[in-house]
Amino acid sequence: MTSTVGDVSTSGLRNVTSEFPVLRREFGGHPIVYLDSAATSQTPQPVIDAMTRYYTESRASIHRGVYPLAVEATDLYEGARQRIAEWLGSTPEETIFAANATAAINLVAYTWGRQNVGRGDLVLLTEMEHHSNIVPWQILCEEKGAVLRVAPFNDSGELLLDEFEKLLNPRTKFVAVTHVSNALGTINPVRRIVELAHQLHVPVLIDGAQAVPHIKIDVQALDCDFYTLSSHKIFGPTGVGVLYGKAALLEAMPPYQGGGDMISSVTFEKTLYNVIPYKFEAGTPNIAGVIGLGAGIDYVNRVGLENIAAYEHALLTYATKRLAEIPGLRIIGTAKEKAAVISFVLEGVHPHDAGTILDQEGIAVRTGHHCAQPVMTRFGIPATTRASLAFYNTKEEVDALVAALWDLKQGRSPGLV
């Protein structure tokens, strides 16, 4: 299917929809309209093929064997690390693999945090954080007697940068902030946040899970101290994430877990730890997953992130306009700088009911608090319905969502009969 939105066409993206096998499925006689990419993006065939080749041609453990299969597997794994590092503007030594972005954030909280945060110190977050970038810092603060501070956002879902700056002071030890809100779509001014924090020599972690599918990331240009992401948000497999950290910080941090590749030598008297990044990669890793993430990055590079961003922006603009035409529909999160996420509430319809009824039309959206309950509290609502777009979505799919919501609003939905 080819669709034109503004002056951007999916045909210019090589008709990518056909490359995602799941999008061929039907449910209840309806072709799937997948609008939940902020939770998990779909996986293109080249990524599936890369992982299958590992399992069928190069299956072996890495870093240990000298026989051909082990060497092939190691080359595939470390080759993926090299490409991912280049894509982030990082180096292989500063590119650590974890289970996901959540695990990467926890790694920083439990190593750098435990080593550097003490009683009375402050950790600064924003009100729009995902639970994964709240709870690890709460645990740390409770353990160390530190204090969590939260910078607010306005009614549009935009961070109040002046308020954020006021919360920075000599007691602030760490800043952790989302690059893109999963619940609102807001793109935060992370470069300015880093600048403000660094004026007080405060390190900054950026949760980039929602940013990497939509925005070109250069950790050197951002000058952030840590950056995290999840593979399954950027067309790769689940079970893999990345932590970027500045080498000097990583060198000074203690290990997070023990065993496997993180060891240099072991005696019962003393263990010597491996160099970075391996110091933080205990045990046999998700080898196929890392290879798949590398293939996902290759796929994005082939399509072109600029093409993806332009298409998604046009589709977001179109979807926002169409949804705003529905009486009683309120969009939650109207920041000027947004990624392709639209959360909304529909007067008289609970979001869970909306999601269930849309499902009967083959339309997959996410409903609930989106692991961002403080955001819901800020707007005085229990939940939203969220449509999150990717470059494999089309104008026609947006029209299908809007038509189903019109039917729901007017009582014509089959779920209301």
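A nonpolar core is a set of buried Ala, Val, Leu, Ile, Met, Phe, Trp, Tyr and Cys residues joined through side-chain atoms within 4.5 Å; buried means under 20% relative accessible area, exposed over 50% and partly exposed in between, for a 1.4 Å probe and protein chains only. This is a predicted model, in which local features need pLDDT of at least 70 and side-chain atom pairs count only at pLDDT 80 or more, while totals for chains, interfaces and linings use all residues. Residues are numbered from 1 along each chain as its sequence is written, and side-chain values use heavy atoms, with hydrogens and water left out.

Q: Which helix gives the most to the largest nonpolar core?
A: The largest nonpolar core has 104 residues, and Tyr 227 and Leu 405 have the most contacts inside it. Helices are DSSP runs (H or I, at least four residues), numbered from the N terminus. Ten residues of this core come from the helix of residues 287-303, H9.

Q: Is H10 roughly parallel or roughly antiparallel to H13?
A: Axes are lines fitted to C-alpha atoms, for helices over the stretch in contact (heavy atoms within 4.5 Å), and angles run from 0 to 180 degrees between N-to-C directions. Helix H10 (residues 305-324) and helix H13 (residues 395-409) pack at about 20°, with axes 10 Å apart. Angles under 35 degrees count as roughly parallel, over 145 as roughly antiparallel, 65 to 115 as roughly perpendicular and the rest as oblique. Therefore H10 and H13 are roughly parallel.

Q: Which residue of H13 is in contact with Leu 323 and Phe 344?
A: The contact of H10 with H13 includes Leu 323 of H10 and Leu 405 of H13. Leaving aside neighbours within four places in sequence, the residue in contact with Leu 323, Phe 344 and Leu 358, among others, is Leu 405.

Terms used. Helices (H or I, at least four residues) and strands (E, at least two) are DSSP runs, numbered from the N terminus.
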